[in-house]
Amino acid sequence: MGSGKTISLAGPSILLVYAIIGFMLFFVMRALGEILLSNPDYRSFADFAGDYLGPWAQFFTGWTYWLSWIVTGVADVVAVSSYVSFWIPDMALWIPALGLIFTLLALNLPTVRNFGEIEFWFALIKIVTIVSLIVTGAYMLSTGLTLPDGSRASVSHLWLHGGFFPNGFHGFVAGFQIAVFAFAGIELVGMTAAETKDSTRNLPKAINSIPVRVALFYLGALFVILTVIPWNQVDPNSSPFVAMFSLAGLGIAAHVVNFVVLTSAASSANSGIYSTSRMVYGLATLRLAPGLFGKLNRRKVPVNALFFSCVFLLAGIGLLYSGDNVIEAFTIVTTVSAVLIIFIWSIILASYLQYRRKRPDLHEKSTFKMPGGRAAVAMVFGFFTFILWALAQKPDTAIALKVTPLWFVLLAIAYVVVKKARRSRLPGEGVNGLDQI
């Protein structure tokens with residue numbers, strides 16, 4: 001959904017934007033992996049944040065991660081409504097939005113296993129289709145396919161029409177605004193580590209494959225789009241994945257791709273429902289969230305936490321009618337999510353620095369050390385500062401950037417309340433020592 005706008009802002013340099021973001025986040029993931037593997041008792045990055053930075057960090061990380069995925073889920077609801085309107089333009093936008101929320105809730109309620117099963121099929125659909133899109137695009141490029149407007153598929157589209165940086169430095173910077181949101185969820189592996197079989201083998205394997213996946217699924221797909229369709233012909237208000245086939249005259253394929261991007265958005269929402277319910281459940285077991293969210297049903301599903309997260313996804317329905325078009329609403333929520341997730345990534349890096357300072361013995365024993373160490377952390381922090389500056393450069397993203405700090409103010413107030421409530425308890429009521437704040 002956002003790639004059309006990023007292409008319109010950055011032109012062909014969007015390839016460099018995605019490559020830079022992927023490169024930087026690889027270090028975040030390696031830091032995450034090293035800490036998680038250092039202690040099998042860590043269920044998520046919120047756990048080691050609390051261990052190395054203090055209880056406040058666990059509280060802020062847990063609830064901020066919850067909100068980031070809720071906002072991401074809202075963006076997914078907006079996206080699904082847009083994709084459905086591709087087929088049924090006269091349908092009210094709230095119908096597919098509500099349908100998605102209730103469908104995912106119904107699928108996640110029975111068992112934890114359902115999440116893995118659903119994601120397997122969602123992932124398979126995405127992988128097969130994106131690889132097919134890349135192969136088809138490569139064929140269009142090699143044969144010099146002529147589009148309906150008379151232009152021909154060519155690698156020269158990367159430097160014609162204004163050059164590789166057609167909108168200059170500011171256009172290149174603007175590309176980061178939405179592109180960084182495309183990587184939200186990369187840290188989800190840190191939420192599933194505790195439920196992963198043989199995590200010492202599978203966690204490093206998953207993290208080390210990130211560069212290959214970024215190169216194939218992000219850069220490969222965008223490369224064929226930009227070489228088949230001139231960047232200045234990409235509609236910023238729709239998905240270029242659908243548009244590539246539509247402009248080539250392959251109407252049926254456009255419907256197939258629209259189905260795929262719809263399932264991709266549904267997959268993201270499904271991940272959001274899973275991760276937020278587990279995070280809230282974990283917070284509740286530590287008395288950092290209301291106790292009712294710490295209850296499991298007989299199938300070991302945190303039902304109350306699941307319902308709690310789904311209720312907030314309903315905000316996406318109201319957002320559909322708050323702007324002039326869907327992409328405007330999408331831009332607002334993705335910017336909020338990007339700021340929140342940058343906070344989470346920063347907490348992971350800050351925890352890594354404390355881990356190196358407090359537990360040098362664990363670092364020395366690690367078989368999965370983060371490359372670059374402290375110097376790499378400084379580099380990534382500098383990059384995050386650049387991203388926040390970039391978000392402040394455009395009115396639509398700047399609004400969201402100004403609003404997001406209110407969340408941290410609310411969290412600070414809530415933390416003070418929780419802290420006082422814990423101090424009022426009798427000695428011995430703490431949980432895992434984390435109540436002694």
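What share of the contacts in the chain with a separation of 6 or more comes from residues 24 or more positions apart? I looked that up before anything else, and the figure is 80%. Contact here means heavy atoms within 4.5 Å.

**Ground rules.** I noted that this is a predicted model, where local features need pLDDT of at least 70 and side-chain atom pairs count only at pLDDT 80 or more, while totals for chains, interfaces and linings use all residues. Residues are numbered from 1 along each chain as its sequence is written, and side-chain values use heavy atoms, with hydrogens and water left out.

**Overall.** I found 19 helices and zero strands in the chain. Helices (H or I, at least four residues) and strands (E, at least two) are DSSP runs, numbered from the N terminus. Of the 437 residues in the chain, 54% are buried. Buried means under 20% relative accessible area, exposed over 50%, and partly exposed in between, with a 1.4 Å probe and protein chains only.

**The core.** I went to the largest nonpolar core next, and it has 135 residues. Such a core is a set of buried Ala, Val, Leu, Ile, Met, Phe, Trp, Tyr and Cys residues joined through side-chain atoms within 4.5 Å. Ile21, Phe48, Trp63, Trp345 and Phe384 have the most contacts inside this core. Helix H4 (residues 55-87) gives the largest share of the core, 18 residues. I also checked tryptophan 63: leaving out residues up to four places away in sequence, it touches Val280, Leu283, Leu288, Ala289, Phe308, Trp407 and Leu411.

**Helix H3.** Phe48 took me to H3 (residues 45-53), where seven of the nine residues are buried. Those are Phe45, Ala46, Asp47, Phe48, Ala49, Gly50 and Tyr52. After H3 comes glycine 54, with a positive phi near 115°.

**H2 and its partners.** Two packed helices are described by the angle between their axes and the distance between the axes. The axes are lines fitted to C-alpha atoms, for helices over the stretch in contact, and angles run from 0 to 180 degrees between N-to-C directions. Angles under 35 degrees count as roughly parallel, over 145 as roughly antiparallel, 65 to 115 as roughly perpendicular and the rest as oblique.

I started with H2 (residues 14-38) and H7 (residues 168-179), which pack at an angle of about 55° with axes 9 Å apart. The two are therefore oblique to each other. On the H2 side I listed Ile14, Leu16, Val17, Tyr18, Ile20 and Ile21, which meet Phe172, Gly175, Phe176 and Ala179 in H7. That contact of H2 with H7 has nine nonpolar residues, one polar and no charged. Ala, Val, Leu, Ile, Met, Phe, Trp, Tyr, Cys and Pro count as nonpolar, Asp, Glu, Lys and Arg as charged, and the others, Gly among them, as polar.

Then I tried H2 with H10, where the angle is about 170° and the axes are 10 Å apart. That makes H2 roughly antiparallel to H10. By class, the contact of H2 with H10 has 14 nonpolar, one polar and no charged residues. Among the H2 residues that meet H10 are Ile14, Leu15 and Phe26, and the H10 residues include Tyr218, Leu222 and Phe223.

**Phenylalanine 223.** I stayed with this residue of H10 (residues 210-228). Phenylalanine 223 is partly exposed, at 29% relative accessible area. Its C-alpha atom is 9.5 Å from that of isoleucine 14, although 209 residues separate the two along the chain. Leaving aside neighbours within four places in sequence, phenylalanine 223 is in contact with Leu15, Leu141, Val155 and Leu158.

**Positive phi.** Most residues other than glycine have a negative phi, and most peptide bonds are trans. I found histidine 161 with a positive phi of about 60°. Histidine 161 sits in the loop between H6 (113-143) and H7, and is partly exposed at 34%. Arginine 287 also has a positive phi, near 60°. Its loop lies between H12 (251-285) and H13 (303-313), and arginine 287 is partly exposed at 36%.

**Around H12.** Is asparagine 270 buried or exposed? I read 0% relative accessibility, so asparagine 270 counts as buried. This H12 residue is in contact with Leu104, Asn108, Phe115, Ile118, Glu119 and Phe122, leaving aside neighbours within four places in sequence. My last stop was proline 290, in the loop between H12 and H13, which counts as partly exposed at 41%.
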